[in-house]
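Trainee: Before we start, could you show me how to read a ligand site and its surroundings, one feature at a time?

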Amino acid sequence: MPRIIDSLLKRFDKVVEANVRSSARTYGRRSFLATTGTVLAGAAAGLPVLPFDRRANAAEPAEDMTDPCGYWRHCAIDGFLCEQSGGTIRTCPPGSTTSAVSWVGTCANPDDGKNYLISYNDCCGKPAAFGATFCNNNKGERPGYRMGLYNDINWCMANADKGYHCTVSIVMGAAE
Ligand code: ABN
């Protein structure tokens with residue numbers, strides 16, 4: 001091969017190699033990982049973390065509790081436990097709807113000693129959950145003429161389907 005062509009090919013090789021290396025540095029896997037890592041670390045360090053209190057929702061009742069009615073959030077419940085009827089402590093079982101109105105109690109969380117407002121909503125539109133435990137706790141309950149402080153009624157009264165099924169205990173927030 002003539003020397004001039006050989007020299008041109010070598011130069012061409014060098015240029016191509018330099019381009020490939022530069023491209024690998026910019027678009028390669030390591031570069032991608034390094035950039036992504038930097039962005040994620042920056043986001044974690046820079047984003048403000050909104051304050052919220054996990055304590056009230058921390059301890060879900062164990063299913064094998066010896067006294068399910070003794071769980072702190074149920075301190076003023078009057079009804080069948082939804083968590084034993086296909087729902088959870090704060091969600092109605094499938095096929096039932098949360099009552100539009102409710103009675104609100106105040107219960108102390110033993111984990112932090114603070115009081116929390118608990119909304120006791122009835123779940124409506126299914127037959128009464130006779131297979132579930134019925135709890136009748138009355139902390140803070142007042143006579144029936146104080147509607148919002150009375151738990152011994154069917155809170156499905158404002159729903160289209162007024163059939164009572166069970167009751168959920170929803171933490172609304174810390175009590176003042
Ligand atoms: N809040 C539960 C309930 C429903 C019907 C009657 C009494 C209590």
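Mentor: We shall go through the ligand site, then a strand, then a surface patch, bearing in mind that this is a predicted model.

Trainee: Which residues surround the ligand?

Mentor: A useful start is to list the shell and then sort it by character. Here the ligand is surrounded by Asp 78, Asp 122, Asn 151, Asp 152, Ile 153, Asn 154, Trp 155 and Tyr 164, and this shell divides into three nonpolar, two polar and three charged residues.

Trainee: Where do N or O atoms of the protein lie 3.3 Å, 2.9 Å or 2.7 Å from a nitrogen atom of the ligand?

Mentor: It helps to separate backbone from side-chain atoms. A backbone N or O atom of Asp 78 lies 3.3 Å from a ligand nitrogen, and a backbone N or O atom of Ile 153 lies 2.7 Å from a ligand nitrogen, whereas for Asp 122 an N or O atom in the side chain is 2.9 Å from a nitrogen atom of the ligand. Taken alone, the ligand exposes 250 Å², of which the protein buries 79%.

Trainee: In strand β4, is Ser 119 buried or exposed?

Mentor: Relative accessibility has to be read against a cut-off. Ser 119, which is found in strand β4, counts as buried because its relative accessibility is 6%, under the limit of 20%; its side chain is joined to that of Ser 102 by a polar contact of 2.9 Å.

Trainee: What makes the nonpolar surface patch?

Mentor: Val 104, Leu 117 and Met 172 make this patch of about 250 Å². Leu 117 is also found in strand β4, which spans residues 114–124, and, with a relative accessible area of 34%, Leu 117 is partly exposed.

Terms used. Residues are numbered from 1 along each chain as its sequence is written. This is a predicted model: local features need pLDDT of at least 70, side-chain atom pairs count only at pLDDT 80 or more; totals for chains, interfaces and linings use all residues. Side-chain values use heavy atoms; hydrogens and water are left out. Patches are made of residues with over 30% relative accessible area and no salt bridge: like charges are joined within 9 Å, nonpolar side chains (Val, Leu, Ile, Met, Phe, Trp, Tyr) within 5 Å. Accessible areas come from the Shrake-Rupley method with a 1.4 Å probe; for residues, only the protein chains shown count as cover. A salt bridge is a side-chain nitrogen of Lys or Arg within 4 Å of a carboxyl oxygen of Asp or Glu. Helices (H or I, at least four residues) and strands (E, at least two) are DSSP runs, numbered from the N terminus. Buried means under 20% relative accessible area, exposed over 50%, partly exposed in between (1.4 Å probe, protein chains only). A residue is near a molecule or strand if one of its heavy atoms lies within 4 Å of it. A polar contact is a pair of N or O atoms within 3.5 Å; within protein, one must be able to donate a hydrogen and the other to accept it, and residues adjacent in sequence count only if both atoms are side-chain atoms. Ala, Val, Leu, Ile, Met, Phe, Trp, Tyr, Cys and Pro count as nonpolar, Asp, Glu, Lys and Arg as charged, and the others, Gly among them, as polar.
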